[in-house]
Amino acid sequence: LTVLKYNLDQRLAGNRCPYDIGLHPDQYTDEATAAGHPQITTAQARGAFAAFIDYALTKPQVRFVTGKQLVNWMINPVDLNGKAGTALTNPIVSVQNKAVSTTSIRGILNGKLTLNVPAAGKYNVNFYNATGANVRSVSMTAARAGTISAPIGANLAAGFYLAKISAPNGVSAVARVTIQ
């Protein structure tokens, strides 16, 4: 509970990027065991998350939304007063194309972005923040299918980003990236 509250407060005091909370619902059922969390019971874990929801809802700028609602907002952001923000000029859309189905972000570590790619060619990755602004672009070339890496430049601030990966054949894919 303390960690959830702290992270929310840090986002609200900082750049107010979305706070993406991933839960494993099977860990909150009555049949669940406290695997991975032997210090607390399942009931205590549910209680802590319920207490966090109560705490978060005391903040007038907090909204609980689905992933789809968040992506739609990132494409066409509107502030809490209904004023439109800066929209993406090329909205990010998830692609179900077999040509890029194996293109993915493998990770960001020690200042390097690593991709898994299905073919040789030039790949571009653009990182978009919560307001839809492109905050980083990285280009890399693969000599063949496999894993490629490139320096990402200055560290990205902690937060939630959408990464649009453009493949050599012009098809794009999207990855959700959380930097902690």
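Start by colouring the chain by confidence: this is a predicted model, with a mean pLDDT of 76 for the protein chain and 81% of its residues at 70 or more. Now select residues 87-101, where the pLDDT is below 50; leaving out near neighbours in sequence, this stretch has 26 contacts in the model. Where pLDDT is low, the predicted coordinates should not be read in detail, so look at that stretch and move on.

Next, compare two strands. Strand β4, residues 134-142, has the highest mean pLDDT among the elements of the protein chain, at 90. Strand β7, residues 172-179, has the lowest, at 74.

**The overall layout**

Switch to cartoon view. You should find three helices and seven strands. Walk along from the N terminus and the order is α-α-α-β-β-β-β-β-β-β. Of the 180 residues in the protein chain, 31% are buried. If you switch on contacts with a separation of 6 or more, 51% of them are between residues 24 or more positions apart.

**The aromatic cluster**

Select Y19, F49 and F52 and show their side chains. Ring pairs link these residues into a cluster, and a search of the whole structure turns up two aromatic pairs. Take Y19 and F52 to begin with: their rings sit 6.1 Å centre to centre with 85° between the planes, an edge-to-face pair. What does this pair tie together? Y19 is in the loop between α1 (2-13) and α2 (42-56), while F52 is in helix α2, so the pair joins parts that are 33 residues apart in sequence.

Now turn on the surface and see how the two partners differ. Y19 is partly exposed, with a relative accessible area of 22%. F52 is buried, at 1%.

Swing round to the other pair. The centres of the F49 and F52 rings are also 6.1 Å apart, but their planes meet at 40°, so this pair is tilted. Both residues belong to helix α2, three residues apart, which is about one turn of the helix. F49 is buried, as is F52.

While you have side chains on display, add K5 and Y55. K5 lies over the face of Y55, 4.8 Å from the ring centre.

**The largest pocket**

Keep Y19 selected, as it comes up again here. The largest pocket holds about 1100 Å³ of space, and 37 residues line it. Which of them lie nearest its centre? Select C17, P18, Y19, R63 and L70. To see where the wall comes from, colour by element: α1, α2, α3 (67-75) and β6 (159-166) each supply at least two lining residues. Helix α3 gives the most, with five residues.

**Two stops among the strands**

Go to R106, which you will find in strand β1, residues 104-109. Is R106 buried or exposed? It counts as exposed, with a relative accessibility of 58%. Show what R106 touches beyond residues up to four places away in sequence, and you get T114, L115, N116 and T147. For a distance to draw, try the C-alpha atoms of R106 and S149: the model puts 9.4 Å between them, with 43 residues separating the two along the chain.

Then jump to M140 in strand β4, the strand with the highest mean pLDDT. M140 is buried, with a relative accessible area of 6%. Setting aside neighbours within four places in sequence, the contacts of M140 are L113, L115, G121, K122, Y123, I148, S149 and A150. You have met L115 already, since R106 touches L115. Draw one last distance, from the C-alpha atom of M140 to that of P151: these atoms are 9.2 Å apart, for residues 11 apart along the chain.

Methods. Residues are numbered from 1 along each chain as its sequence is written. This is a predicted model: local features need pLDDT of at least 70, side-chain atom pairs count only at pLDDT 80 or more; totals for chains, interfaces and linings use all residues. Side-chain values use heavy atoms; hydrogens and water are left out. pLDDT is the predictor's confidence in each residue, from 0 to 100. Helices (H or I, at least four residues) and strands (E, at least two) are DSSP runs, numbered from the N terminus. Contact means heavy atoms within 4.5 Å. Rings of Phe, Tyr and Trp (its six-membered ring) pair if their centres lie within 6.5 Å; planes under 30 degrees apart count as stacked, over 60 as edge-to-face and the rest as tilted. Buried means under 20% relative accessible area, exposed over 50%, partly exposed in between (1.4 Å probe, protein chains only). A charge sits over a ring if NZ of Lys or CZ of Arg is within 6 Å of the ring centre and within 35 degrees of the ring normal. On a 1 Å grid over the protein atoms alone, a cavity is a set of points where a 1.4 Å probe fits but cannot get out, and a pocket is an open set with protein on both sides within 12 Å along at least five of seven lines; lining residues have an atom within 4 Å of a point. Grid points are joined across faces, edges and corners, and a volume is the space filled by probe spheres set on the points.
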